[in-house]
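Let's take a walk through this structure together. Keep the sequence and the 3D view side by side as you read.

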Amino acid sequence: VQLQAFGGGLVQAGGSLRLSCTFSGPTFSMYVMGWFRQAPGKEREFVAARDWSGNSRYRADSVKGRFTISRDNAKNTVNLQMNSLKPEDTAVYYCASTRVYNIDSEKWDYWGQGTEVTVSS
């Protein structure tokens, strides 16, 4: 399995970005797809995840209501629409996949290379 994330960039506070991640490999349907982020000097943290059936989970405290995860099962892609961005959303965003959802990043099986998001104030 290979994951490739793209779509990051520099945006002003209040703006939007859409991240995408392509999944290469067998049985995309068997994996929960998710996004994590890591800000400078901080630990990697869970952002959102979505399974094949469309069930989604979000980091409740800071992104729910602003970020939306979606999944195109026909194209083996997962997207993260980020609206109303804040400077504290600045981080490297990683897509990942796992067979069983877990908020612990160490439980996820495969990782993309990360795409950097910078939100200016």
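The report below starts with the overall fold and then moves to individual residues.

## Overall fold

What you see here is a predicted model. Its secondary structure comes to 0 helices and 11 strands. Read from the N terminus on, the elements therefore run β-β-β-β-β-β-β-β-β-β-β.

How does the radius of gyration of the protein sit with that of a compact globule? For 121 residues, such a globule would have a value near 14 Å, and the protein has 13 Å, which agrees. Along the principal axes, the C-alpha trace spans about 40 × 25 × 25 Å. Buried residues account for 40% of the 121 residues. If you take the contacts with a sequence separation of 6 or more, 56% of them are between residues 24 or more positions apart.

## The N-terminal end

A good place to begin is Val1, in the segment before strand 1 (2-6). Val1 is partly exposed, at a relative accessible area of 32%. Leaving aside residues up to four places away in sequence, Val1 touches Phe23, Ser24, Tyr31, Ser97 and Tyr110. Ala13 makes an interesting reference point: Val1 and Ala13 are 12 residues apart in sequence, yet their C-alpha atoms are 35 Å apart in space.

Next comes strand 1, which has two faces to look at. Leu3 and Ala5 make up its covered face, while Gln2, Gln4 and Phe6 make up the uncovered one. Strand 1 runs antiparallel to strand 3, and 5 bridges join the two. One residue to follow across is Ala5, whose bridge partner in strand 3 is Cys21.

## The disulfide

That bridge partner, Cys21, leads us to the disulfide. The count for this structure comes to 1 disulfide. Cys21 and Cys95 form it, with their sulfur atoms 2.1 Å apart. With 55° about the S-S bond, this link is right-handed. Cys21 belongs to strand 3 (residues 17-24) and Cys95 to strand 9 (residues 91-98), so the pair ties together parts that are 74 residues apart in sequence.

Are the two cysteines buried or exposed? Cys21 is buried, with a relative accessible area of 0%. Cys95 is also buried, with a value of 0%. Both values fall under the 20% cut-off, which is why the two residues count as buried.

## Aromatic rings and a charge

Searching the whole structure gives 9 aromatic pairs. One of them joins Tyr31 and Tyr110, and its geometry is edge-to-face: 6.1 Å centre to centre, with 70° between the planes. The pair connects distant parts of the chain, 79 residues apart: Tyr31 is in the loop between strand 3 and strand 4 (32-38), and Tyr110 is in strand 10 (residues 110-111). Tyr31 is buried, with a relative accessible area of 5%, whereas Tyr110 is partly exposed, at 32%. You have met both tyrosines already, among the residues that Val1 touches.

Elsewhere, ring pairs link Phe36, Phe46, Tyr94, Tyr101, Trp108 and Trp111 into a cluster. Which ring does the charged end of Arg44 sit over at 4.0 Å from the centre? The answer is Tyr94, a member of that cluster. Arg44 also lies over the face of Trp111, at 4.5 Å from the ring centre. Trp111 belongs to the cluster too.

## Two backbone positions to check

Most residues other than glycine have a negative phi. Against that background, have a look at Thr27 and Ser84. Thr27 has a positive phi, near 55°, and is a residue other than glycine. Thr27 lies in the loop between strand 3 and strand 4, and at 37% relative accessibility it counts as partly exposed.

Where is Ser84 placed? Ser84 is found in the loop between strand 8 (77-82) and strand 9. Its phi is positive as well, at about 50°, although Ser84 is not a glycine. With a relative accessibility of 40%, Ser84 counts as partly exposed.

Note on methods:
Residues are numbered from 1 along each chain as its sequence is written. This is a predicted model: local features need pLDDT of at least 70, side-chain atom pairs count only at pLDDT 80 or more; totals for chains, interfaces and linings use all residues. Side-chain values use heavy atoms; hydrogens and water are left out. A disulfide is a pair of cysteine sulfur atoms within 2.5 Å. Helices (H or I, at least four residues) and strands (E, at least two) are DSSP runs, numbered from the N terminus. Buried means under 20% relative accessible area, exposed over 50%, partly exposed in between (1.4 Å probe, protein chains only). Rings of Phe, Tyr and Trp (its six-membered ring) pair if their centres lie within 6.5 Å; planes under 30 degrees apart count as stacked, over 60 as edge-to-face and the rest as tilted. A charge sits over a ring if NZ of Lys or CZ of Arg is within 6 Å of the ring centre and within 35 degrees of the ring normal. Contact means heavy atoms within 4.5 Å. Two strands pair if DSSP finds at least two bridges between them. The radius of gyration is taken over C-alpha atoms; the globule rule is 2.2 Å times the number of residues to the power 0.38.
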